[in-house]
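Please look over the salt bridges and the helices around them. The report follows the structure.

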Amino acid sequence: HRDLHSFPTRRSSDLGLGKLLEPVQSYCLLEKLPPLTILVVREDSGLPGAGFIAAQDIPKTQIEVFGYDWLDRGAPSPEDLDKAVSSMPSNGVRTP
């Protein structure tokens, strides 16, 4: 999404979105949720970046993410996200 590239003083490619997305990806992996971070894609390829590890079949998984009732689930707390990264770091690290 273009808005992610609108950081005030630095380009997102300079910052690396992986660290920003890792808590969400880790949380989804731990909770066995569709990987919400699959919706953040590279402008040049339309695919998630190298740090995305939560799925192999990108089109199928994107459909699952769109079909999931996220509003019914509710949002995780900042503490939930911190715990997820501590329990399962996921920024480019393959999980079994």
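Arg73 and Glu31 form a salt bridge, with their closest N and O atoms 3.1 Å apart. Arg73 sits in helix 4 and Glu31 in the loop between helix 2 and helix 3 (58-67), so the pair ties together parts that are 42 residues apart in sequence. A salt bridge here is a side-chain nitrogen of Lys or Arg within 4 Å of a carboxyl oxygen of Asp or Glu. Helices are DSSP runs (H or I, at least four residues), numbered from the N terminus.

This is a predicted model: local features need pLDDT of at least 70, side-chain atom pairs count only at pLDDT 80 or more, and totals for chains, interfaces and linings use all residues. Residues are numbered from 1 along each chain as its sequence is written, and side-chain values use heavy atoms, with hydrogens and water left out.

How many salt bridges does a search of the whole structure find? It finds 4. The table gives three pairs, including the one above.

| Pair | Closest N to O |
|---|---|
| Arg73 and Glu31 | 3.1 Å |
| Asp44 and Arg42 | 2.9 Å |
| Lys60 and Glu64 | 3.1 Å |

Lys60 and Glu64 both lie in helix 3. They are 4 residues apart, about one turn of the helix.

Next, accessibility. Buried means under 20% relative accessible area, exposed means over 50%, and partly exposed lies in between (1.4 Å probe, protein chains only). Arg73 is partly exposed at 32%. Glu31 is also partly exposed, at 38%. Asp44 counts as exposed because its relative accessibility is 60%. Its partner Arg42 is partly exposed at 45%. In helix 3, Lys60 is partly exposed at 48%, and Glu64 is partly exposed at 36%.

Now helix 2. This helix covers residues 18-30, 13 residues in total. Its first and last C-alpha atoms are 17 Å apart, close to the expected 18 Å. The expected span is 1.5 Å times one less than the number of residues. Its buried residues are Glu22, Pro23, Gln25, Ser26, Tyr27 and Cys28. What covers them includes helix 4 (70-73) and helix 5, where contact means heavy atoms within 4.5 Å. Lys32 follows helix 2 and has a positive phi, near 55°.

Helix 5 (residues 78-87) holds Asp82. Is Asp82 buried or exposed? Asp82 is exposed, at 54% relative accessibility. Asp82 and Glu22 are 60 residues apart in sequence. In space their C-alpha atoms are 9.8 Å apart.

Conventions:
Helices (H or I, at least four residues) and strands (E, at least two) are DSSP runs, numbered from the N terminus.
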